[in-house]
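Here is a short briefing to read alongside the structure. Keep the viewer open, and follow the residues as they come up.

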Amino acid sequence: MKKLIFAMAMLAVATCGFAQHRADQQHLDDENSFSMILLGDPQGYIKYDLNQPLFELCTAWIADNIDNLNIKGVLCTGDIVEQNDNIVMNRNMLNQTSREMWEAGSHAFKRLDNKVPYFISCGNHEYGYKKSENGMTHFPEYFPFERNNKWRDIIVSNYPNRQGISDIENAAFEYDEPNWGKMLVIVTEFAPRDEVLEWAKDLCASDKYKDHKVIYMTHSLLRQRSAEYTDNESYKITPRNWGKQVWEKLIYPSSNIVLALCGHTGRPGDFEDSVAYRVDKNTAGRDVHQMMFNVQILGGGWEGNGGDGWLRILEFMPDGKTIKVKTYSPLFGISDATKHLAHRTAPYDQFDMVVD
């Protein structure tokens, strides 16, 4: 019996000894923090079958770090697919049909289902046929509410999409964190309609949520580098509001929106051409931090590998007001040979946001 127990103990030690080596294991700056992970537009990964495993690596890395980084949510800026409903493939820009892209994007997020809530602000590529010609979308088919039980206990409100479907395109989720208090995450559709903005504004101003800290995410808000508000875009989808109107109709009048996130814009060039950041005062004189993150052109341009695995770790510090932003790539961090490339530390890549 003693020999058996000894053998089992040795087996356990051996198993631990052969656990996978983490070349660049990430850690919180403070063990009492929690984090949220920000994913930029994934379409560049999803439109080529060769690139799709890179986005799966990102979601697998998130799933593997839920406990290590105390991840409470995943924020995705939208554009999961390149085209919402098309079978005629332009081989100069993709090699997947829309159905194949939806299935690949859905499969990547499956790694997070029933493990952590994730929030997607649908982008222009999720609507119409090729380019938001109308408000038709297959999003509800591939991302039904029932697929992830981590949404069930935190969803507090939603608003029907452009097809009249009750889904999570326009939805609000509530958190209660010991050091941060009550929080709301609100996501809205691409170029949100007036009634959607009114729904979100009324929710923020309601007696139940007026004292919550609100994180708001929509696909189109800021332009790359300049951080100017988007306006007068060429998409035919209607009715609509661009970034300028979203600021005027929702963010500025809402005294408790403290952080607004988006993707959408970008251009080939330096890393700075894939990001933007600005801070403005709302009607209550409170700072609103606004951040654009869309790295799909990194790793080779529009037809490259989809973004080199770059994502952002948002660490919510236990002081209840500081959010530390770090830009990290699991693709580079997975190997000892490339882990020195896995961190971006320029002022626009790594910085603190202090919430009033």
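Where is Asn 148 found? Asn 148 sits in the loop between helix 5 (139-142) and strand 4 (155-158). Please keep in mind that this is a predicted model. The points below start from that loop residue and then move through the nonpolar cores, a strand, a helix, the salt bridges and the cysteines.

**A loop residue: Asn 148**

- Asn 148 is buried, and its relative accessible area is 0%.
- Beyond its neighbours within four places in sequence, Asn 148 is in contact with Leu 112, Asp 113, Asn 114, Lys 115, Val 116, Pro 117 and Tyr 118.

**Nonpolar cores**

- The largest nonpolar core holds 76 residues. Inside this core, the residues with the most contacts are Leu 39, Leu 75, Phe 109, Phe 119, Phe 143 and Phe 316.
- A second core is separate and has 26 residues, including Leu 184, Leu 197, Ala 227 and Leu 250.
- Phe 316 is a good one to click on: leaving aside its neighbours within four places in sequence, its contacts are Ser 33, Phe 34, Ser 35, Met 36, Trp 180, Met 183, Ile 215, Thr 322 and Ile 323.

**Strand 1 and its partners**

- Strand 1 (residues 34-39) is largely enclosed by the rest of the structure, because six of its six residues are buried.
- In a regular strand, side chains alternate between the two faces of the sheet.
- Here, Phe 34, Met 36 and Leu 38 point one way from strand 1, while Ser 35, Ile 37 and Leu 39 point the other way, and all are buried.
- With strand 11, strand 1 pairs in the antiparallel sense over five bridges. Met 36 has Leu 314 as its bridge partner in strand 11.
- With strand 2 (residues 71-76), strand 1 pairs in the parallel sense, over five bridges. Opposite Ser 35 in strand 2 stands Ile 71.

**Helix 4**

- How far should the 13 residues of helix 4 (residues 98-110) span at 1.5 Å a residue? The expected span is 18 Å, and the end C-alpha atoms are 18 Å apart, which agrees.
- The buried residues of helix 4 are Ser 98, Met 101, Trp 102, Ala 104, Gly 105, Ser 106, Ala 108 and Phe 109.
- An α-helix has 3.6 residues a turn, so residues three or four places apart point the same way.
- Those buried residues of helix 4 pack against strand 1, helix 2, helix 3, strand 2, strand 3 (118-120) and helix 5.

**Salt bridges**

- Side chains of opposite charge can pair when their charged atoms come close. How many salt bridges does a search of the whole structure find? The search finds 22.
- Lys 47 and Glu 303 meet through their side chains in a salt bridge, at 3.3 Å from N to O. Lys 47 is in the loop between helix 2 (43-46) and helix 3 (52-64), and Glu 303 is in the loop between strand 10 (287-293) and strand 11 (311-316), so the pair ties together parts 256 residues apart in sequence.
- Lys 47 is buried, with a relative accessible area of 3%, whereas Glu 303 counts as partly exposed at 37% relative accessibility.
- In the salt bridge of Arg 225 with Glu 272, the closest N and O atoms are 3.4 Å apart. This pair links distant parts of the chain, 47 residues apart: Arg 225 is in the loop between strand 7 (213-217) and helix 7 (243-251), and Glu 272 is in the loop between strand 8 (257-262) and strand 9 (275-281).
- Arg 225 counts as partly exposed at 35% relative accessibility, and Glu 272 counts as partly exposed at 26%.
- Arg 225 and Glu 272 also belong to a network of salt bridges that links them with Arg 267, Asp 270 and Asp 273.
- Asp 352 and Lys 324 form a salt bridge through their side chains, at 3.1 Å from N to O. Asp 352 lies in strand 14 (residues 351-354) and Lys 324 in strand 12 (residues 322-328), so this pair ties together parts 28 residues apart in sequence.
- Asp 352 counts as partly exposed, at 42% relative accessibility.

**Cysteines**

- With a disulfide taken as two cysteine sulfur atoms within 2.5 Å, the count is zero disulfides.
- Cys 204 is in no disulfide, and its nearest cysteine sulfur, that of Cys 262, is 17 Å away. Cys 204 counts as buried at 3% relative accessibility.
- Cys 262 is in no disulfide either, and its nearest cysteine sulfur, that of Cys 76, is 12 Å away. Cys 262 counts as buried at 0% relative accessibility.

Technical notes. Residues are numbered from 1 along each chain as its sequence is written. This is a predicted model: local features need pLDDT of at least 70, side-chain atom pairs count only at pLDDT 80 or more; totals for chains, interfaces and linings use all residues. Side-chain values use heavy atoms; hydrogens and water are left out. Buried means under 20% relative accessible area, exposed over 50%, partly exposed in between (1.4 Å probe, protein chains only). Helices (H or I, at least four residues) and strands (E, at least two) are DSSP runs, numbered from the N terminus. Contact means heavy atoms within 4.5 Å. A nonpolar core is a set of buried Ala, Val, Leu, Ile, Met, Phe, Trp, Tyr and Cys residues joined through side-chain atoms within 4.5 Å. A salt bridge is a side-chain nitrogen of Lys or Arg within 4 Å of a carboxyl oxygen of Asp or Glu. Two strands pair if DSSP finds at least two bridges between them. The expected span of a helix is 1.5 Å times one less than its number of residues.
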